[in-house]
Amino acid sequence: MSNISLIVGLGNPGSEYAQTRHNAGFWFIEQLADKYGITLKNDPKFHGISGRGNIEGHDVRLLLPTTFMNRSGQSVVPFAKFYQIAPEAILIAHDELDMNPGVIRLKTGGGHGGHNGLRDIVPHIGPNFHRLRIGIGHPGSKEKVSGHVLGKAPSSEQSLMDAAIDHALSKMKLLVQGQVPQAMNQINAYKPT
């Protein structure tokens with residue numbers, strides 16, 4: 001099992017989107033960078049914000065695409081190719097409509113599941129990367145999805161999402177060591193309180 005050497009967070013750039021549900025992947029990377037003292041800086045060559053640092057004794061790169069969500073592949077694909085990072089060594093954190101706030105799941109492989117960010121990545125690198133799915137809840141009807149993902153969660157939901165992200169951050173050692181099945185068991189067993 002490959003060690004995770006690239007962790008990507010999906011979201012939309014700009015302050016108007018910073019607190020919206022669709023940016024849950026960004027929140028994860030920002031908190032990860034903060035926890036491990038990794039500086040994130042503008043990386044125009046790869047249409048993103050990136051950083052590199054030591055996570056639990058492993059050299060790991062972080063990436064936030066600054067393309068919009070549905071163009072995430074324009075950042076992730078060239079970045080992974082340039083640094084010769086195999087899909088099996090990539091973890092992508094993103095919001096997940098089909099899970100309630102406070103639910104968090106680690107998964108390897110699969111399709112894009114209707115997620116526009118993943119839809120732009122999978123055709124280029126294949127499905128064999130790891131995904132950290134951060135539940136944001138579903139508004140109940142397809143017509144309301146856009147407003148929901150681009151809306152700000154109420155504080156009760158936000159605190160559930162923050163706690164779930166904290167839980168995943170506590171399992172980084174397993175992830176960067178390539179102990180993905182163990183990390184999956186521990187992350188997926190998390191129950192919001």
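Let's start in the sheet: strands β5 (residues 90-96) and β7 run parallel, joined by 6 bridges. This is a predicted model, so keep that in mind as we walk through it. One rung to look for is I92, whose bridge partner in β7 is R131. On the antiparallel side, strand β6 (residues 104-108) pairs with β7 over 5 bridges. R131 turns up again here, as the bridge partner of K107. So how enclosed is β7, which covers residues 130-135? Of its 6 residues, 5 are buried, so the strand is largely enclosed by the rest of the structure.

Stay with β5 for a moment and pick out I90, which is found in that strand. With a relative accessibility of 0%, I90 counts as buried. What does I90 touch, once residues up to four places away in sequence are set aside? The list is I4, L6, V8, A80, I85, I125, F129 and H130. Two of these can be placed straight away: L6 and V8 fall within the range of β1 (6-9), and H130 within that of β7 (residues 130-135). For a sense of spacing, I90 and R52 are 38 residues apart in sequence, and their C-alpha atoms lie 14 Å apart.

A80, another of the residues touched by I90, takes us to helix α2 (residues 73-82), where it is one of the buried residues. The others are G73, S75, V76, V77 and F79. In the general case, an α-helix has 3.6 residues a turn, so residues three or four places apart point the same way. Which elements do the buried residues of α2 pack against? They meet β1 (6-9), β2 (41-43), β3 (48-55), β4 (58-65), β5 and α4 (122-125). Just after the helix, Q84 takes a positive phi of about 55 degrees.

Step back along the chain from α2 and you come to S72, in the loop between β4 and α2. Buried or exposed, then? S72 is buried, with a relative accessible area of 1%. Leaving out residues up to four places away in sequence, S72 touches L10, P65, T67, G117, D120 and I121. Among these, P65 falls within the range of β4 (58-65).

Now for the hairpins. β2 and β3 run antiparallel and are joined by 3 bridges. N42 stands opposite I49 in β3. There are 4 residues between the two strands of this hairpin, and H47 takes a positive phi near 50 degrees there. Carry on along β3 and you reach its antiparallel pairing with β4, which has 8 bridges. G53 has V60 as its bridge partner in β4. Here the hairpin has 2 residues between the strands, and E56 is the residue with a positive phi near 50 degrees. Both β3 and β4 are among the elements that the buried residues of α2 pack against, which ties these hairpins back to the helix we just left.

One more stop: V149, in helix α5 (residues 145-149). V149 also counts as buried, at 7% relative accessibility. Which residues is V149 in contact with, leaving aside its neighbours within four places in sequence? They are T20, R21, H22, D95, L97 and I136. D95 brings us back to β5 (residues 90-96), where we began. The C-alpha atoms of V149 and G111, 38 residues apart along the chain, are separated by 20 Å.

Finally, zoom out to the whole protein, which has 8 helices and 7 strands. Its radius of gyration is 15 Å, close to the 16 Å that the globule rule gives for 193 residues, so the protein is as compact as a globular protein of that length. The C-alpha trace spans about 40 × 35 × 30 Å along its principal axes. Of the 193 residues, 51% count as buried. Take the contacts between residues at least 6 apart in sequence, and 69% of them join residues at least 24 apart. As for the surface, the protein exposes about 8,700 Å², with carbon and sulfur atoms supplying 49% of that area. There are 19 positive and 15 negative charges, and their mean positions are 4 Å apart.

Key. Residues are numbered from 1 along each chain as its sequence is written. This is a predicted model: local features need pLDDT of at least 70, side-chain atom pairs count only at pLDDT 80 or more; totals for chains, interfaces and linings use all residues. Side-chain values use heavy atoms; hydrogens and water are left out. The radius of gyration is taken over C-alpha atoms; the globule rule is 2.2 Å times the number of residues to the power 0.38. Buried means under 20% relative accessible area, exposed over 50%, partly exposed in between (1.4 Å probe, protein chains only). Contact means heavy atoms within 4.5 Å. Accessible areas come from the Shrake-Rupley method with a 1.4 Å probe; for residues, only the protein chains shown count as cover. Lys and Arg count as positive and Asp and Glu as negative; His and the chain ends are not counted. The place of a charge is taken as NZ of Lys, CZ of Arg, CG of Asp or CD of Glu. Two strands pair if DSSP finds at least two bridges between them.
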